[in-house]
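Hi,

Here is the structure I promised to pass on. Please have a look at it, and then read on for what I found.

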Amino acid sequence: MVEIDSKMPTRRLRPLRRRELPVSTVRLARYLIGKTLVRQLPEGTLAGRIVETEAYLTGDAAAHTFRGPTPRNRSLYLERGHAYVYFTYGNHFMLNVSGGHDGTGEGVLIRAVEPIEGIELMEHRRRTKSLKDLARGPGCLASALQVDRRLDGVDLTVRGPLWIGTALQRSSAIGTSVRIGITKEVHRLLRFYERGSAFVSGPRRLNLSA
DNA sequence: CGGCTGATGATCT
DNA sequence: GATCATCAGCCGG
């Protein structure tokens, strides 16, 4: 039993309840650091510890909702705790958690996780055995966890194909920086990461101070 | 490690 | 037609 448990750590988890999620999207982005992202597939369970997030807010020119609702971004307007998955650069899916109340177009981009469970499946999918590179960066993360548009709109607060569980281990200090890969609102400090984690993306200079 | 570049296609103007 | 919340590969230091 002990052995099975160590290979399936997500057995000990429960989904986060919606009322536990901060309504403030900035607070949600910080809150999600250290929590567990779980992907359940017929072949097994994949899971990782969230180590890097970014907030995208109302009135934020870098947010997909800046010009209002469109068919693509409608999931961002759902009550907090739903998935917004979109496709970009011709190759990659990105996973967000919707923030705020129903009708508020905010979200948290999940940029990196520390692999916890289903590592062999992730290695196969990503075609690398470098643990730290399996889910480092939002496109890599989506590929490793087999996240695609079919998961757009799913409720992340209930056990299902994709959900967010409680933390397995406490997070160390959270650092703050500018967001990565955007061309607007570049100065805003809306990226959050676990300090000292080897699984965080981005240039080293963004991963030092608080 | 940091910097640069091409790939690739959905989305919105 | 431009843009894009990226990545892998390649180069120089």
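Let me start with DNA strand B: in this predicted model, a polar backbone atom of Tyr89 sits 2.3 Å from one of the strand's base oxygens. The residues that follow take part as well. Gly90 places a backbone N or O atom 3.4 Å from a base nitrogen of DNA strand B, and Asn91 has a polar side-chain atom 3.5 Å from a base oxygen of DNA strand B.

Even with those base contacts, 71% of the atoms of DNA strand B within 4 Å of the protein belong to sugar or phosphate, the rest to bases. The residues around this strand include Arg67, Arg72, Arg149 and Arg204, along with Thr70, Pro71, Phe87 and Thr88. By class, the surface near DNA strand B has three nonpolar, four polar and four charged residues.

Now for DNA strand C. It has 21 residues around it, and those that come nearest are His64, Tyr86, Asn96, Arg126 and Gly139. Here sugar and phosphate make up 52% of the strand's atoms that come within 4 Å of the protein.

Which part of DNA strand C lies 2.3 Å from a polar side-chain atom of Asn96? That partner is a base nitrogen. On the phosphate side, a polar backbone atom of Gly181 is 3.3 Å from a phosphate oxygen of DNA strand C, while a side-chain N or O atom of Thr183 is 3.5 Å from a phosphate oxygen. Two or more residues each are given to the surface near this strand by β3 (83-88), β4 (92-98), β5 (107-117) and α4 (138-144). That surface has ten nonpolar, eight polar and three charged residues.

Best wishes

Technical notes:
Residues numbered from 1 in each chain as written. Chains lettered and ligands numbered in written order. Predicted model: local features only at pLDDT ≥ 70, side-chain atom pairs only at ≥ 80, totals over all residues. Heavy atoms only, no water. Near = heavy atom within 4 Å. Polar contact = N/O pair within 3.5 Å; in protein donor to acceptor, adjacent residues only side chain to side chain. Helix = DSSP H or I, 4+ residues; strand = E, 2+ residues; numbered from the N terminus. Nonpolar A, V, L, I, M, F, W, Y, C, P; charged D, E, K, R; others polar.
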